[in-house]
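User: Hi! Could you walk me through this structure before I head back to the bench?
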Amino acid sequence: MKQPELKELELKKQGKISRLTNKTFKFDDRIGEGWFSAVYFLKTAKIAEQELPNHRVTMQFFQRKQAILCGIDEAIAILHTFSKNPETLIITALHDGDKIEPFETVLTITGQYQQFGHLEGLIDGILARRTSVATNVHDVVKAVGNKTVVFMGDRDDHFSQQAGDGYSAYVGGMSAQATHAMNEWWGKEGLGTMPHALIQLYSGDVVAAAIAYKKTYPKDNLIALVDYNNDVITDSLALANHFDKELFAVRIDTSPTMVDQYFMRNQNELGYFDPRGMNPEIVFALRAALDEGGYQHVNIFVSGGLSVEKILEFERRKTPVSTYGVGASLLKVHIGFTGDAVILDGVAQAKAGRKYRPNKRLEAVPFLGGN
């Protein structure tokens with residue numbers, strides 16, 4: 001993102017200026033041809049254009065949960081780019097990042113159906129995915145308080161989703177993300193340490209891998225993975241012994257099918273919890289070992305299969321974690337949006353069970369230009 005747009009977004013987050021513009025997004029030109037629209041919308045637009053060309057409809061969009069809204073600016077950009085004569089549409093909308101209630105109207109569009117009707121499904125889908133991710137992230141960030149959360153969802157969905165998912169995570173309150181693409185719409189760079197593959201290249205020698213990392217990236221905080229050999233305490237202490245104050249953190253990413261060697265050596269601790277994977281007990285044991293060795297400065301970063309529920313349990317037990325790395329659970333789309341045509345030529349007209357639901361929070365959206 002260019003610096004002027006980055007500044008604009010930061011001001012927008014403070015509620016001071018306008019929305020993201022069409023320049024932010026990279027749309028597929030086939031949207032305008034109806035390639036991504038449900039065919040029945042395309043057929044309806046053709047009928048409206050041929051048989052009822054002068055009717056004006058108002059369509060409103062809503063969902064059914066308490067959520068953090070996201071995707072509004074993208075939906076507006078879609079309308080301004082691919083509707084017919086977009087400058088004649090009347091659009092009102094909330095903002096990305098707004099907290100929304102069940103059935104609250106978040107967007108209205110007024111114009112001739114054939115101008116924008118074929119975009120209804122795309123708008124529903126944009127709002128559903130972006131709002132789901134933003135809400136998931138908000139819930140995690142709220143759960144951990146002032147601790148750091150890193151968005152690590154690059155391997156959990158198609159790479160083409162990264163920019164939008166990363167922006168949604170930003171709207172939800174996350175400030176650190178795994179790839180440069182995830183930061184594209186809001187102007188930062190990706191954050192990363194080392195994968196298991198680096199340790200593999202050094203035949204499982206975690207210290208040797210960390211030495212190479214520190215040599216190549218001397219300005220980075222050294223955060224080393226310690227579960228490669230399934231013995232996180234032994235490897236963490238080896239790293240701390242070698243690097244001392246240079247070791248910023250160790251990361252546990254134990255597979256959910258594995259039981260760490262610490263528990264094999266201390267089987268008297270087993271029997272009252274599930275020892276598989278990354279769990280609070282291994283974190284408590286690691287923290288105690290580091291502290292006993294005089295390495296109180298070394299932070300503990302955990303990742304692997306984390307959900308809001310699991311993080312809440314870690315926090316309830318005051319597990320000594322400084323940073324959570326979260327991926328797949330943040331990408332679950334659990335919020336669906338609905339677009340309803342509710343006014344026809346200024347008169348209420350909607351399917352049974354639906355009606356126009358005005359919202360004083362909606363703001364008029366000026367035409368921001370097409371491509």
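Analyst: Happy to; we can talk about the sheet and then the aromatic residues. This is a predicted model, where local features need pLDDT of at least 70, side-chain atom pairs count only at pLDDT 80 or more, and totals for chains, interfaces and linings use all residues. Residues are numbered from 1 along each chain as its sequence is written, and side-chain values use heavy atoms, with hydrogens and water left out.

User: Great. What order do the strands of the open sheet have?
Analyst: The order is β7-β6-β11-β10-β9-β8, with parallel pairing across these 6 strands. Strands (E, at least two residues) and helices (H or I, at least four) are DSSP runs numbered from the N terminus, and two strands pair if DSSP finds at least two bridges between them.

User: And which are the edge strands?
Analyst: Those are β7 (176-177) and β8 (222-225), each pairing on one side only.

User: Which way do the residues of β8 point?
Analyst: L222 and A224 point one way, while I223 and L225 point the other way, and all are buried. Buried means under 20% relative accessible area, exposed over 50%, and partly exposed in between, with a 1.4 Å probe and protein chains only.

User: How does the chain get from β8 to β9?
Analyst: The chain passes through α9, making a right-handed β-α-β crossover. Right-handed here means that, with the strands pointing away from the viewer, the path from the first strand over the helix to the second runs clockwise. The two strands β8 and β9 run parallel, joined by 4 bridges.

User: What stands opposite R251?
Analyst: In β10 that is F301. On the β8 side, L225 stands opposite R251. The charged end of R251 also sits over the ring of F301, 5.5 Å from its centre; the criterion is NZ of Lys or CZ of Arg within 6 Å of the ring centre and within 35 degrees of the ring normal.

User: Switching topic: how many aromatic pairs are there?
Analyst: There are 13. Rings of Phe, Tyr and Trp (its six-membered ring) pair if their centres lie within 6.5 Å; planes under 30 degrees apart count as stacked, over 60 as edge-to-face and the rest as tilted. One of the pairs is F25 with F27, stacked at 5.6 Å centre to centre and 15 degrees between the planes.

User: Is F25 buried or exposed?
Analyst: F25 is buried, with a relative accessible area of 8%.

User: And how are Y167 and Y170 arranged?
Analyst: They form a tilted pair, 6.4 Å centre to centre with 45 degrees between the planes. Y167 and Y170 are 3 residues apart in helix α6 (residues 162-172), so about one helical turn separates them. Both Y167 and Y170 are buried.

User: Which residues form the aromatic cluster?
Analyst: F25, F27, F82, Y167, Y170 and W185.
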